[in-house]
Amino acid sequence: MRRRIPNEVGIAAVVVIVAIVLSIMSPTFRTISNVEILLLNGAVIAFLALGQTFVLLTGGIDLSTGSNIALTGMVAALAMQAGLPWYVAVLAAVAIGLLVGTFNGAVVYYLKLPPFIVTFATFGVAASIPLILTGANSVPVRDPFFAIIGRGALFGIPMPVVLVILAVIIFAIVLRYTATGVHFYAVGGNAETSRLAGVRSGRVIMLAYAMSGLCSAFGGLITTSRLMVGYPSAGSGNELFYSIAAAVVGGVSLFGGIGSIGGALLGAVLIATVSNGMNVIGVESYWQPLVIGVIILVGVILDTHRRQLSLRELVKRMSGARSKQLQTVSD
């Protein structure tokens, strides 16, 4: 019996190949300072991809992650501006992220609305609130302890990277070794069967979106801490685009029930590497969404065929169709 090679191995190989190619194309890419920038930028993408993974596993999608970065970051900045300690501001931001995610999950499940519509509406609401609260003005952060989240380091490792590593370990354990983790896959694989098996689908779906909101909150805290300024327009760039791309490239199915935390992390590393590499070698910024869009499309195509048939079966079917066509022509 042949042992199946995990999908993560292939993704890791692609990451290594891309990094080698970019290092050859630009010596700047392999400098320590650029690697640090790559890791710091990749930390936000990784958190969003990890949160997106929980939602995708249940067969949903979360389009509110980008605006949730702005909302949670501004909540933390405004809380500290009001005189609250930095740790209280962090807790407030995390609470808001969880609240937004839980709201999304509750509306999706109890009102039976499409996740795309619900989270797209939340995206607009969450993006507008920081602008309304601040009059579209930035809010400076003056508490030096808050900078630890985005600028600090532990044993030489940047704090955002440390936070990502901790999150990956915890989330991987939850998905792999707990009943709740099994329920995420069950709901996304077959919602009706899981319901008949006694799985509380509503609780699972709400928890999945809450996890996405939590990860968005950490993304907002890292972004605000790195800049020490709360921007009401933070997260309005390619963050949402990158989070979905990272999860899909990492082997998380858009149709639910398939994927892993490790794959999502490697997908985030790949997307961060490609984005950073294009900046280093001088590719114009307007080309980057095109490249990421192609990556998403290829990932979805491979995911679709992976669910339907194996690569060997696909080749056999194509060969069989070709043989029938030739036989028809000869007749």
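Which helix has the lowest mean pLDDT among the elements of the chain, and which the highest? In this predicted model, where pLDDT is the predictor's confidence in each residue, from 0 to 100, helix H14 (residues 311–330) has the lowest mean, 51, and helix H4 (residues 86–110) the highest, 94; helices here are DSSP runs of H or I with at least four residues, numbered from the N terminus. The chain averages 84, with 88% of the residues scoring at least 70. Where pLDDT is low, the predicted coordinates should not be read in detail.

Residues are numbered from 1 along each chain as its sequence is written, and side-chain values use heavy atoms, without hydrogens and water. Local features need pLDDT of at least 70 and side-chain atom pairs count only at pLDDT 80 or more, whereas totals for chains, interfaces and linings use all residues.

The largest nonpolar core (buried Ala, Val, Leu, Ile, Met, Phe, Trp, Tyr and Cys residues joined through side-chain atoms within 4.5 Å, buried being under 20% relative accessible area with a 1.4 Å probe, protein chains only) has 70 residues. Helix H2 (residues 32–57) gives the largest share of this core, 13 residues. Phe54, one of the residues with the most contacts inside the core, touches Phe171, Leu175 and Phe184, among others, not counting residues up to four places away in sequence; contact means heavy atoms within 4.5 Å.

Turning to a helix pair, Val174, Leu175 and Tyr177 in H7 meet Ala179, Gly181, Val182, Phe184 and Tyr185 in H8. By class, this contact has 7 nonpolar, 1 polar and no charged residues.

Methods
Helices (H or I, at least four residues) and strands (E, at least two) are DSSP runs, numbered from the N terminus. Buried means under 20% relative accessible area, exposed over 50%, partly exposed in between (1.4 Å probe, protein chains only). Ala, Val, Leu, Ile, Met, Phe, Trp, Tyr, Cys and Pro count as nonpolar, Asp, Glu, Lys and Arg as charged, and the others, Gly among them, as polar.
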